[in-house]
Amino acid sequence: MDLELVIISLILVASVFVPFFIIDLSGKSGIKQMRKLFKQEQVKYNLKLTEQENWGNTFIGVDKEQRKMLFMKFMEAEPTFHFIDLDKIQSCQIDSKVETIKTKIKKENILQKLNLKITLLNAKGPEVILNFYDTEGIYGEDFEMARAEKWKMILQKNMSS
């Protein structure tokens, strides 16, 4: 009788926790695929990133010796890549859209979009817009403003004067 009770308990516990482990593993495999693709792009451009960061579905890195930057963001199924020569950057600025919402107690500012806008020296081409955050994305806001400020400073420090 005790053996049957133990077996039934183990089956019940497994039926509850096994789906969580499967979901967790499938999410990690997606991140591994994104990292692998980012590494492939580094190899493609022969980059040795001295500073890099990733959050959610976004990867960014700078090779200070070659003075190049690589940015990758996964939106839907297709990734968006930006390969930027730091010597060809004219200016870099943060472009954010904030919506003010009034609650019962106070007004709250909610970040809607956050982009790093890069203007290149050849004014013929359009600006390069690196999207750091969008409310329509699958990830919530997690210190993106500080992150954008950090990368703006890195770019300004490394671009040609």
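Glutamine 42 lies in helix α1 (helices being DSSP runs of H or I of at least four residues, and strands E runs of at least two, numbered from the N terminus). In this predicted model, local features require pLDDT of at least 70 and side-chain atom pairs count only at pLDDT 80 or more, whereas totals for chains, interfaces and linings use all residues. Residues are numbered from 1 along each chain as its sequence is written, and side-chain values use heavy atoms, with hydrogens and water left out. Glutamine 42 is buried, with a relative accessible area of 8% (buried, under 20%; exposed, over 50%; partly exposed, in between; 1.4 Å probe, protein chains only). Apart from residues up to four places away in sequence, glutamine 42 touches Leu47, Leu49, Gln52 and Leu70 (contact, heavy atoms within 4.5 Å).

The largest nonpolar core (buried Ala, Val, Leu, Ile, Met, Phe, Trp, Tyr and Cys residues joined through side-chain atoms within 4.5 Å) has 22 residues, of which Met69, Ile118, Leu130, Phe132 and Leu155 touch the most other members. At least two residues of this core come from each of β2 (58–63), β3 (68–75), β5 (89–102), β6 (107–120), β7 (128–134) and α2 (144–158). Beyond its neighbours within four places in sequence, isoleucine 118 is in contact with residues including Met69, Ile84, Ile89, Leu130 and Leu155. Met34, Leu47, Phe59 and Phe74 are among the eight residues of a second, separate core.

Valine 13 is also placed in helix α1 (residues 2–44). The residue is partly exposed, with a relative accessible area of 44%.
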